[in-house]
Amino acid sequence: MIVLDPAHGGVDSGSQISDTTVEKNVTLALAFRLRSLLTARGFSVVMTRDADAPAVPNAAGAAMTLDDRAGIANHAHAAACLVLHATPGGTGVHLYRSELEASEGQPFVVPWLTAQAAWIPQSRLLEKQMTAAFSRSGLALVASNASVRPIDSLTCPALVVELAPSGDDADSINDTDYQQRVAQTIAGALLFWQNEVQPPTRLSAPASATVRPATTSDTAGAQP
Amino acid sequence: MIQRHQRIVFWCLVVCIIGMGVLLAVGRQRGRQRIAALADDETTPLDAPTAMAETVTLDLANDADGSIAPASRQIALPQDPNARARALIDHLIAEYALPGSAHALPPGSAVAEVFLLPLPLVGYTTDSTSSATKDGGFRPTVPVAQDDPDPVQPKQLGGELAVIDLHSTFVNQHPSGVEVESLTLRSILGTLHANLPQIEQVRFLVDGQARETLAGHADLLRTYPAADTTSSAGTANERQSN
């Protein structure tokens, strides 16, 4: 199972790539390409949105929040979660892993805003796999760390894939051959990755565990 | 021959003129005293830097390669740590607003206020119960255990949390994108760490309110560790983790 999260959508257009292109359309187009390639390779694919405006499941008309997207991804128990973005800045592909420090294992009560901490070692391995694949394909790649919501709340090996133009022209980001090359590289890397993924160790509950109510602004909130 | 009613009007006008003159003099004196009191007040938002220019390190971002590199500048800074942190960030953003900047940001003031709070961050409430009165009537609302893994614990004695309240005008005009937004935050974190080492953690607000992202990408809800964010430090950390 692979989760694809084409970022933005609906009234949230994301960044303005060029006069005629906005980020939400590029991320969705890349997600469709990836879904086709991954399905052809035997993966099940879950997309957090497959239309312009994302909607919350079982709540027709309600706008989807970043936490809703994380909820969809976490319920899928995926081998990899890819948050797709696009930018007019730079060239090639930018790959980001969460900036959280790795924890020793998954705690009994998973903190919502730092749930990814237990999965950092796996995300790091996935990043290595992707970096090697992009190196082989000859596509420009910048790998770094960043805190991009909702990646810190994901309980799966997770990366942010930010697609930049292939050259100086910002509209080259829409080039179908370029997008296909990027999608094929990612799909190829995930094919290798599916045999390596390991869930983190689950830590047992402390004897005197006390849980305090969580809020979205609370860094110690519990996973819903 | 001047008539009686004209004499009365004349002397009334003379009295009014003298009275207005006295009122003007008194009002002017009060205004001077008020300004003098404000100048002496320690709660003035941002002191004019009266000290000599000193060498500070600004961690400057570069959009072309996604790097952050330290640069030295001679800047006069106020002595108050809160005002100092605010002035540092304002100077940093002013650098990015210069023509030809490698990380172009809109000009204008970015920071409304910076608050430095001592760690561990514990809320206190007044309590008149017998157990609380021995601590002066104050009781922590969030108990802090020695082995508490909560990130609000300081790493060193005297560690502080910096709460940076950004102007919405700056945030709304900030370029959108994972890289450009992350570089702005890392640049601020690195600059604070280099010049105010007592700052261990940083949180961001926008117009006094929590906000999900800077411009649609970088997370503003989490607490960031203030650390060396230069590219050389990042490479060293990667080597260590591998």
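**Exercise 1. Which residues of α2(A) are buried?**

Residues are numbered from 1 along each chain as its sequence is written, while chains are lettered from A and ligands numbered from 1 in the order in which they are written. The model is predicted, so local features need pLDDT of at least 70 and side-chain atom pairs count only at pLDDT 80 or more, whereas totals for chains, interfaces and linings use all residues.

*Step 1.* Locate the helix: α2(A) spans residues 66-75, helices (H or I, at least four residues) and strands (E, at least two) being DSSP runs numbered from the N terminus.

*Step 2.* Apply the burial criterion, by which a residue is buried if 20 or more other C-beta atoms (placed from the backbone) lie within 10 Å of its own, exposed if 12 or fewer, and partly exposed in between. Seven of the 10 residues of α2(A) are buried, and the helix is mostly covered; these residues are Leu66(A), Arg69(A), Ala70(A), Gly71(A), Ile72(A), Ala73(A) and Asn74(A).

*Step 3.* Identify the cover, which includes β1 (2-6), β2 and β5 of chain A, contact being counted when two C-beta atoms, placed from the backbone, lie within 7 Å. Just after α2(A), His77(A) takes a positive phi of about 50°.

**Exercise 2. Determine the strand order of the six-stranded sheet in chain A, and find its edges.**

*Step 1.* Begin with the inventory: chain A comes to four helices and eight strands, which follow one another along the sequence as β-α-β-β-β-α-β-β-α-β-β-α.

*Step 2.* Trace the pairing, for which DSSP must find at least two bridges between two strands. The result is an open sheet with the order β2-β1-β5-β8-β6-β7 (chain A) and mixed pairing.

*Step 3.* Read off the ends of this order: β2 (45-47) and β7 of chain A each have a single partner strand, so one side of each is left without a neighbour in the sheet. From one strand to the next the twist averages 20°, with axes being lines fitted to C-alpha atoms (for helices over the stretch in contact) and angles running from 0 to 180 degrees between N-to-C directions.

**Exercise 3. Describe the surroundings of strand β6(A), residues 93-97.**

*Step 1.* Take burial first: five of the five residues are buried, so β6(A) is largely enclosed by the rest of the structure. Both faces are covered, with Val93(A), Leu95(A) and Arg97(A) on one side and His94(A) and Tyr96(A) on the other.

*Step 2.* Turn to the parallel neighbour, β7(A) (residues 141-145), which five bridges join to β6(A); within it, Ser144(A) is the bridge partner of Tyr96(A), and Asn145(A) that of Arg97(A).

*Step 3.* Follow the antiparallel neighbour, β8(A) (residues 158-163), joined to β6(A) by four bridges, where Val93(A) has Leu163(A) as its bridge partner.

*Step 4.* Return to the parallel pair, in which five bridges join β6(A) to β7(A). The chain crosses from β6(A) to β7(A) through helix α3(A) (residues 120-137) in a right-handed β-α-β crossover, a crossover being right-handed if, with the strands pointing away from the viewer, the path from the first strand over the helix to the second runs clockwise. This helix α3(A) lies across β5 (80-86), β6, β7 and β8 of chain A, and runs at about 165° to β6(A).

**Exercise 4. Which residues of α1(A) and α4(A) meet?**

*Step 1.* Set the geometry: the axes of α1(A) (residues 23-40) and α4(A) (residues 176-193) come within 9 Å and cross at roughly 45°.

*Step 2.* List the two sides: Ala29(A), Leu30(A), Arg33(A), Leu34(A), Leu37(A) and Leu38(A) in α1(A) meet Gln179(A), Gln180(A), Ala183(A), Gln184(A), Ile186(A), Ala187(A) and Leu190(A) in α4(A).

**Exercise 5. Set chain B beside chain A, and describe the hairpin of β1(B) and β2(B).**

*Step 1.* Chain B has six helices and eight strands, in the sequence pattern α-β-β-α-β-β-α-β-β-α-α-β-β-α.

*Step 2.* Buried residues make up 48% of the 224 residues in chain A and 26% of the 242 residues in chain B. In chain A, 79% of the contacts with a separation of 6 or more are between residues 24 or more positions apart; in chain B, 70% of the contacts between residues at least 6 apart join residues at least 24 apart.

*Step 3.* In the hairpin, nine bridges join β1(B) (residues 54-62) to β2(B) (residues 67-75), which run antiparallel, and Thr55(B) has Gln74(B) as its bridge partner. Four residues lie between the strands, and Gly66(B) takes a positive phi near 65°.
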